[in-house]
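This report describes the fold of one protein for a reader who is new to structural analysis. Please keep the sequence and the structure in view while reading.

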Amino acid sequence: MLLKSTVGLAAIVLPFTNACPDHNLRQKRQSDSKLDWSYGNGDNANNWGHINPDYETCAIGTQQSPISLYGLEGYSERHTPKFDYPSSVEGVFANSGNSLIFTVTPPDDITTLPSVKFQESDDSDPEEVYLVGWHTHAPSEHMIDGQKARAEMHFVHVDAVENFRSVFSFLINPSNGTQSAFFDQLDQPFPAIGSDDEETSKVDLNLALNDIGGFDKFWTYHGSLTTPPCTEGLRWFVAKEPLLVDTDMLQEILRVSMYSARPVQQMWMQGVNE
């Protein structure tokens, strides 16, 4: 299989994502100290909409993420995603300051990136979105039946003009020995908090889909970025089945993670499974 990374400082542009899901292919990383917002102990995130006029949507948005989801709601029978992920995707693996982050090597043509198609409505043409990276949160941001997972991973996608458009969420929980092939392909130890190390890596995104038995059962809703400026207009997909990792792997993920979960947002116009 793959795909252990080749260690070395990356010469490509890598964005700073203090978490979800700002994988801007044209923007360089910056340190935590330059951000005017933080998670704090979780309470600070409730005030993001009041610390900067550009973040007003964090306070007044009608489709904010993350949210609570429930098995009794059932799962989506619409918007079924069709993945077109190659077996090897090159990018830079690093630590955002809060969590793990992988950003793909910027292409000349955004439409050459790994992609997913889904229909926004039953009478619309399939929409194609393009993966720009993935990252983790600890603990999870979404709650399922009132419970948080130990961590969460987001596959972040943009449209053809590089507007953030869709996020695919994988909850991460401990197993009884089962190992995630997706995480097992990555070099360990993972990049540490505060480290400037960047590793050029190749990953097989399909392994994450295989780890959960396919993205067949999921919740979907209209949502937002989960960090400032909390931009809305994203379609979220949250897999029912968690991605299971063994104890050593979960400990490694948590070792390189700070608290990075926005509080669950109140329901308003998210339209779960609509």
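## Strand 11 and its surroundings

Ser166 stands opposite Arg235 in strand 14. This pair offers a way into the architecture of the model, which is predicted. Ser166 belongs to strand 11, which covers residues 164-174. Strand 11 is mostly covered, for 8 of its 11 residues are buried.

Strand 11 pairs with several other strands, as the table sets out.

| Partner of strand 11 | Direction | Bridges | Residues standing opposite |
|---|---|---|---|
| Strand 10 (residues 151-158) | antiparallel | 8 bridges | Val158 and Phe164 |
| Strand 14 (residues 232-239) | parallel | 4 bridges | Arg235 and Ser166 |
| Strand 15 (residues 243-245) | parallel | 3 bridges | Leu243 and Ile172 |

Strand 10 and strand 11 also form a hairpin, with 5 residues between them. In the turn of this hairpin, Glu162 has a positive phi of about 70°. In a regular strand, side chains alternate between the two faces of the sheet.

The interior of the protein may be considered next. In soluble globular proteins, nonpolar side chains tend to be buried together. The largest nonpolar core here has 43 residues. Those with the most contacts inside this core are Trp134, Met153, Phe155, Phe170 and Phe183. Which residues does Met153 touch, leaving aside those up to four places away in sequence? They include Trp134, Phe168, Phe170, Ile172, Phe183 and Leu243. Apart from the largest core lies another, of 13 residues, among them Leu69, Ile144, Ala149 and Tyr221.

A covalent link is also present. By the distance rule, the count comes to 1 disulfide. This disulfide joins Cys58 to Cys230, with a distance from S to S of 2.0 Å. The link is right-handed, with 90° about the S-S bond. Cys58 lies in helix 1 (residues 57-60) and Cys230 in the loop between strand 13 (218-224) and strand 14, so the pair ties together parts that are 172 residues apart in sequence. Are these two cysteines buried or exposed? Cys58 counts as buried because its relative accessibility is 8%, and Cys230 counts as buried because its value is 0%; the cut-off for buried is under 20%.

Finally, the protein may be viewed as a whole. The chain contains 4 helices and 15 strands. Of its 274 residues, 53% count as buried. Among contacts with a separation of 6 or more, residues 24 or more positions apart account for 71%. The protein exposes about 11,900 Å², of which carbon and sulfur atoms supply 46%.

How values were computed
Residues numbered from 1 in each chain as written. Predicted model: local features only at pLDDT ≥ 70, side-chain atom pairs only at ≥ 80, totals over all residues. Heavy atoms only, no water. Core = buried A, V, L, I, M, F, W, Y, C linked by side-chain atoms within 4.5 Å. Buried < 20%, exposed > 50% of the residue type's maximum accessible area, 1.4 Å probe, protein only. Contact = heavy atoms within 4.5 Å. Helix = DSSP H or I, 4+ residues; strand = E, 2+ residues; numbered from the N terminus. Pairing = 2+ DSSP bridges. Areas by Shrake-Rupley, 256 points an atom, 1.4 Å probe, with all protein chains shown as cover. Disulfide = S-S within 2.5 Å.
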